[in-house]
Amino acid sequence: MATTASKEVPDGPHGDHHSLRGIFFIMLGSFSFSTMFLLVKVMSQMNTFTLVFYRSVVQIAICLVDLYKKGVNPLGPDSGSVRFYLVLRAGFGAAAVIAWFYGIQNLPLPDAVTLQFTTPPFAAVFAVCLVGEHWKALDMIGAIVCLMGVALIAHPTWLFGNTDAVADAALVTDATDSSTMMKAVAVLVTEAGAAMAALAYVCVRKIGDRADAVVMVFYYGIISLPMTAIGSKMLLGTWNVLGDYEQFSLMDYFLLLLVGFAGYGGQWFTNLGLQQETAATATLATSTQIVWTFIFEILFLHEEIDMWSISGTALILGFMMVVGVIKLIESDKSAIIVDTDEEKGLLLEPSREDEGYGAAVTLQSQGSNSL
């Protein structure tokens, strides 16, 4: 481990001075992810499995080109354990994306994106159970805060009662009850996606720096293809994940391509930013995804967002920002120059001092980098 203490630390991931360029790239990555979510929302006429299938096809093609240019084996290192965790991580990641796409299509966009940010407390719990990391006070607080935020966004009638201004109880129709139930189901599915993403995070911890990040994305794409077909057969009764492709317009194909490119662009820009900025700062910059989704909601979607959802979003986003500030202060207190190769490893496998919720947020700060 080659480290050098110095008062004059250059801009970079562990420097005293934070890189505006790094922050810009991370925010650009957040914008790319938010654009992908918007496109998924706009294309709600297509079922979730079809959208995930085409996104995977596009990302597989991009990954193969990228890996070929790097001279990296798409299958990753010749190690049975690493490849096992790559497949496992890809399976959990594919399940997470399917669940998230479903949530995006069936919930107001800001609600769906906010629920994705509840991955860190799940990851902290799984890391304690499966990796042997320690459960800290911040982990517990994070779990409680996120649970409260989810409850506010879901706003279940069994918990809050019927707070709609209704002149007569008879006016509460079956259609309203059905809509409430559908929202509750969508929230549960999206939260299940957050849990799956957390399990994918644990697998990334197991892989460490033994596999290129693009290899992880490639595995995700490959594993997603059969998973979308199986899911479509189980839930929709058909193996067809291509959709009515003969009826697709040029605009449909263009938007499907954009979904894939926007997803990959989000990964690429965020990774580029993380090479120049700390993960703590990245946590704050990535939180702008929620801001972008609210802007898109106002400009394009015009869906109804109640005060319960806004309160839940503020609670989760606020805690994410608090955690980011805490880690930012900690990183500024211990500015160290780290070898480039070692830094790449740290991005994938945080140190033991960065365990629990903090480490989970480090991965969350990368958005859906490996999903």
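**Exercise 1. Find which helix gives the largest share of the nonpolar patch, and place Met140.**

Solution. The largest share of the nonpolar patch, 3 residues, comes from helix α6, residues 137-154. Helices (H or I, at least four residues) and strands (E, at least two) are DSSP runs, numbered from the N terminus. The model is predicted: local features need pLDDT of at least 70 and side-chain atom pairs count only at pLDDT 80 or more, while totals for chains, interfaces and linings use all residues. Residues are numbered from 1 along each chain as its sequence is written, and side-chain values use heavy atoms, with hydrogens and water left out.

Next, list the patch: Val125, Trp135, Met140, Ile144 and Met148, with about 460 Å² of accessible area together. Patch members have over 30% relative accessible area and no salt bridge; like charges are joined within 9 Å, and nonpolar side chains (Val, Leu, Ile, Met, Phe, Trp, Tyr) within 5 Å. A salt bridge is a side-chain nitrogen of Lys or Arg within 4 Å of a carboxyl oxygen of Asp or Glu. Areas come from the Shrake-Rupley method with a 1.4 Å probe; for residues, only the protein chains shown count as cover.

Last, Met140 is found in helix α6. Met140 is classed as partly exposed because its relative accessible area is 46%. The classes are buried (under 20% relative accessible area), exposed (over 50%) and partly exposed in between, with a 1.4 Å probe and protein chains only.

**Exercise 2. List the buried residues of helix α5 and describe the residue that follows the helix.**

Solution. Helix α5 covers residues 119-131, and its buried residues are Thr119, Pro120, Pro121, Ala123, Ala124 and Ala127. After α5 comes Gly132, with a positive phi near 85°.

**Exercise 3. Describe the surroundings of Ser32.**

Solution. Start with the element: Ser32 lies in helix α1, residues 20-42. Ser32 counts as buried because its relative accessible area is 11%. Then set aside the neighbours within four places in sequence; Ser32 is in contact (heavy atoms within 4.5 Å) with Ala262, Gly265, Gly266 and Phe269.

**Exercise 4. Count the disulfides, and class Cys129 and Cys203 as buried or exposed.**

Solution. A disulfide is a pair of cysteine sulfur atoms within 2.5 Å. The count is 0. Cys129 is exposed, at 59% relative accessibility, whereas Cys203 is buried, at 3%.

**Exercise 5. Summarise the protein chain.**

Solution. The chain has 15 helices and 2 strands. Of its 371 residues, 50% are buried. Its accessible surface is about 17,200 Å², and 68% of this belongs to carbon and sulfur atoms.
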